[in-house]
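Here are a few short exercises to work through with the model open in your viewer. Try each one before reading its solution.

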Amino acid sequence: METFILIALVATSVTAVTFIVERGLALRVRRVIPHPLIDAVLSYGSGRDLQMLKSVCAQNSSPLARLLLFSADHLDMPKSENTALVETRARYEISKLERGLVILEIIVGIAPLTGLVGTIFGLITLFGSMDSGAAADTSRFANGISIALYATLMGLLIAIPALMAWSYYSRKVETFAVRMEAICDEFLRKHYRTESNSANGETIGEAAASAAAAAAARTTMPPKLH
């Protein structure tokens with residue numbers, strides 16, 4: 001039984017270290033929100049810069065790049081509908097960022113419990129050996145205490161780093177979500193604002209041209225005969 005408990009604790013610790021390292025590499029800023037994408041959105045002026053933005057997104061594959069490309073592919077829709085679509089897509093990207101955090105959360109729960117199982121088993125072995133001979137009592141007594149202490153210690157040593165990593169990475173994902181939402185909103189706001197200004201300018205230009213044509217027509221009309 002003690003062998004099974006130790007194997008379970010070792011497997012849990014290896015899994016925890018693997019996901020801590022993997023999430024640490026995956027949740028780097030340059031992997032989620034590359035600076036070239038931020039610069040591209042900040043320098044975005046009008047629809048003429050759209051191709052440049054798509055090119056930067058293609059060169060910097062990341063969750064933010066996928067969100068910007070997704071919103072750019074639906075610019076023919078009204079802003080409210082495009083924003084709703086981007087929010088839905090953002091939830092999918094965030095769920096991918098949280099992929100390994102569920103495993104860490106599970107390890108935080110099962111590692112202390114596995115250690116507790118080892119502790120209880122050690123105590124059972126300890127008190128069960130008290131009816132044996134003196135020599136056997138000594139060895140079993142020491143063995144029971146050793147199992148109990150090692151299991152408890154290993155369980156805590158696994159759970160504490162896993163809990164710290166889970167809390168840190170969860171907060172980091174929340175920060176990434178807020179920043180990506182703000183950057184996408186900035187892009188959509190700039191695009192639809194410039195498109196709206198262009199449309200208004202064209203409308204005003206057409207109205208001015210119509211008024212000028214009407215004025216020219218009035219000046220060229222022959223006077224009425226009385």
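**Exercise 1: a residue and its patch**

I120 sits in helix α7, which covers residues 101-128. The model is a predicted one.

Task: classify I120 as buried, partly exposed or exposed, and find which residues form a nonpolar surface patch with I120.

Solution. Start with the relative accessible area of I120, which is 45%. Buried needs a value under 20% and exposed a value over 50%, so I120 counts as partly exposed. Next, look at the patch: L113, L116 and I124 join I120 in a nonpolar patch on the surface. Together these four residues have about 400 Å² of accessible area.

**Exercise 2: the length and sides of α6**

Task: compare the expected span of helix α6 (residues 79-97) with the distance between its end C-alpha atoms, then work out where its buried residues lie around the axis.

Solution. Helix α6 has 19 residues, and at 1.5 Å a residue these should span 27 Å. The end C-alpha atoms are 26 Å apart, in agreement with that value. Now list the buried residues of α6: N82, V86, A90, E93, I94 and L97. Their arc around the axis is only 110°, so they lie on the same side of α6. On the face turned away from that buried side you will find the exposed residues S80 and R91.

**Exercise 3: a neighbour of α6**

Task: is S71, in helix α5 (residues 63-72), buried or exposed, and which residues does S71 touch beyond four places in sequence?

Solution. The relative accessible area of S71 is 0%, so S71 is buried. Leaving out residues up to four places away in sequence, S71 touches N82, V86, F187 and L188. N82 and V86 are among the buried residues of α6.

Technical notes: Residues numbered from 1 in each chain as written. Predicted model: local features only at pLDDT ≥ 70, side-chain atom pairs only at ≥ 80, totals over all residues. Heavy atoms only, no water. Buried < 20%, exposed > 50% of the residue type's maximum accessible area, 1.4 Å probe, protein only. Contact = heavy atoms within 4.5 Å. Patch = residues over 30% accessible without salt bridge, like charges linked within 9 Å, V, L, I, M, F, W, Y side chains within 5 Å. Areas by Shrake-Rupley, 256 points an atom, 1.4 Å probe, with all protein chains shown as cover. Salt bridge = Lys/Arg side-chain N within 4 Å of Asp/Glu carboxyl O. Helix = DSSP H or I, 4+ residues; strand = E, 2+ residues; numbered from the N terminus. Expected span 1.5 Å × (residues − 1). Arc of directions from axis to C-beta.
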